Amino acid sequence: MNRLQSGKLFIYLVGIVAVFGTILLMKGGLYLNRHEGDALHLIEIVRRMSLGEWPHLDFVTPLGFAAFWPIAAFMKAGFGTGTSILLAQIAMAVALILPVFYVVRTRMSAEIGYAFGAVVLILALALVHGEAGDDVSVSMHYNRWAWAMTYLAVPVAVFAPRSGESDVLDGLILGLAMSFLILGKVTFAVAFAPALIAALVLRGAWTVLGVGLGLVLLCMLIPTATGGFAFWQAYIGDLLQVMGSEIRPRAGVDWATLLTGPRFVLANLVLLASIYVLRTGPRPEIGAVMVLLAPAFLYVTYQNWGNDPKWLMLLALILVLAGEEAKHRVLALVAVALIAPSFWNMAVSPLRHVKQNTEDFVAVFPQAPHDDIFTPSARVNRVQERGTVTFTDPQFLALNEFADMVPDLEFQGITYPSCRQELGLLGVMRDVAADLRAVGLDDEARVFSTDTFGGLWMFGGFDPLPGGAPWYYGGLSGFDSATHVLVPTCPITPRAFDAIITALNETDGLALTELRRTELYTLYRKDQ
């Protein structure tokens, strides 16, 4: 790539970020129309981090601080919640410009480079996780960012630069990408590290490997300097807790469906065909690396909700860079065609955000500076619950044993029938928090909720629950530091409700005093 082509590429990448960044900020806030539970989870984490708390040490999460630090940094600087999320997306894209420019300039033609640059930056800037739904959502933003880093790391490791000695820069990019994965979404790092290391060893890129590992170790000192080795113990503990949890055994489809289901089978056949073509072609070492990349592709897809096979675009890149044979191009074209709708959905999501009619949207949090994130009023205030029918007619009694989502539960003398709240999460949390305030709970109250979400404190101005979990993964995280226990009449996640209530019923010496009982919740003071 000559100097003129390089200049055009750089302007192109800057232009993408400038245009999409402007579009993201045009609305004056963040307007979400889906996945408000995921947004609440994200908001609690970044608000706690903006207050000086650290993931794992101060609250439970299997996600690393790197996935949230950019948002928390803008929030700490005084920006609102919605604006901080949008600015963090833009900042991530800006940070990717130079690495993307370098990877393209050293390894790709101009045509492939333009497409590659757009794909990586879209992953950073999108307002939906993928798939085909016309949503505006920040759900699983960390997966998009992790894929963007993976898209940088794989070509750097697998392919030597076409011109010039650049081992140190290769190592720096690889080290930064892997550091983000370890400190952001560690399952990506675990899945892809064997293939990346094997690729570097096969092409004898020892300097790249050494610089990359050195930078990873250096980046690991950042949390160590703050939290010591206790940080890593807590991080590993959170990961093990999630791995052992039965609340959500998988993020989406099971392995059988992922491997042979109608939605995935063609993509998997393309993957197998690509391995065969690469192994039998002029670059068999790349085929060998693909043998290790394939399980990484599948595992990350299995582990991420939605099960979007974003690796298909990366597979197409590998095929094109590995050779110009017709069979490479055909397989690459099929791979792109299979995943193009998902990337198109991500690419147009900022446009969808700025174009949507927000007349019926309401602020999730009315208090400044957090009053710049909005969602449809109907999704906030329309409470919908799903229960099970209990039959009393003898001819239908047999149906009862198949009807329950979870068995009826008894806690502190109250029986809770099987029920699931399916809409109105934010409205219920807002009204419960307001009711708790009205009956005298003060700022220092630390409320443990027996459901998935622990963010009630954000709606009522209470203290965050030390050691709590913004999303329930198992155990009784934060219960020891709680002053009150709140039991929803109809939980968001019956399996979580069942697990928590069962654990509390089995707690020795549990002493609670009922303070208030309403249609939405029962509140207890913790006496031990």
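This section describes a buried helix, a pocket, the cavities and a small sheet in a predicted model.

Helix α14 comprises residues 311-322. At 1.5 Å a residue, its twelve residues should span 16 Å, and the C-alpha atoms at its two ends are 16 Å apart, so the expected and computed values agree. The helix is mostly covered, with eleven of its twelve residues buried. The buried residues are Trp311, Leu312, Met313, Leu314, Leu315, Ala316, Leu317, Ile318, Leu319, Leu321 and Ala322. An α-helix has 3.6 residues a turn, so residues three or four places apart point the same way. The cover over the buried residues of α14 includes several other helices, which come from separate parts of the sequence: α4 (81-107), α5 (110-125) and α6 (141-158), together with α12 (265-280), α13 (284-303) and α15 (326-355).

Open space was examined next. The second largest pocket contains about 720 Å³ of space. Its lining is made up of 29 residues, and those closest to the pocket centre are Phe65, Ala66, Trp69, Pro70 and Phe180. At least two lining residues are supplied by each of the helices α2 (36-50), α3 (69-76), α4, α6, α7 (167-184) and α9 (206-227). Nonpolar residues account for 24 members of this lining, alongside three polar and two charged residues.

Helix α7, one of the contributors to that lining, also holds Ser179. The relative accessible area of Ser179 is 3%, under the 20% limit, and Ser179 is therefore buried. Apart from neighbours within four places in sequence, Ser179 is in contact with Leu215, Val216, Cys219 and Met220.

Enclosed space is also present, in the form of six cavities of 30 Å³ or more. The largest cavity holds about 130 Å³ of space. Of the 15 residues that line the largest cavity, Phe448, Ser449, Gly454, Ala469 and Ser477 lie nearest its centre. Two or more lining residues are given by each of α2 and strand β8 (447-449). Strand β8 provides the largest share of this lining, with three residues. When sorted by class, the residues around the largest cavity are seven nonpolar, five polar and three charged.

The second largest cavity has about 80 Å³ of space. Its lining consists of His129, Met140, Asn143, Arg144, Trp147, Asn304, Trp305, Asn307, Asp308 and Lys310. These residues divide into three nonpolar, four polar and three charged.

The model further contains an open sheet of three strands, arranged in the order β1-β3-β2 with mixed pairing. Strands β1 (30-31) and β2 (361-363) form the edges of the sheet, each pairing on one side only. Between β2 and strand β3 (residues 373-376), the pairing is antiparallel and extends over three bridges. Within this arrangement, Val362 stands opposite Thr375 of β3.

Key
Residues are numbered from 1 along each chain as its sequence is written. This is a predicted model: local features need pLDDT of at least 70, side-chain atom pairs count only at pLDDT 80 or more; totals for chains, interfaces and linings use all residues. Side-chain values use heavy atoms; hydrogens and water are left out. Helices (H or I, at least four residues) and strands (E, at least two) are DSSP runs, numbered from the N terminus. The expected span of a helix is 1.5 Å times one less than its number of residues. Buried means under 20% relative accessible area, exposed over 50%, partly exposed in between (1.4 Å probe, protein chains only). Contact means heavy atoms within 4.5 Å. On a 1 Å grid over the protein atoms alone, a cavity is a set of points where a 1.4 Å probe fits but cannot get out, and a pocket is an open set with protein on both sides within 12 Å along at least five of seven lines; lining residues have an atom within 4 Å of a point. Grid points are joined across faces, edges and corners, and a volume is the space filled by probe spheres set on the points. Ala, Val, Leu, Ile, Met, Phe, Trp, Tyr, Cys and Pro count as nonpolar, Asp, Glu, Lys and Arg as charged, and the others, Gly among them, as polar. Two strands pair if DSSP finds at least two bridges between them.
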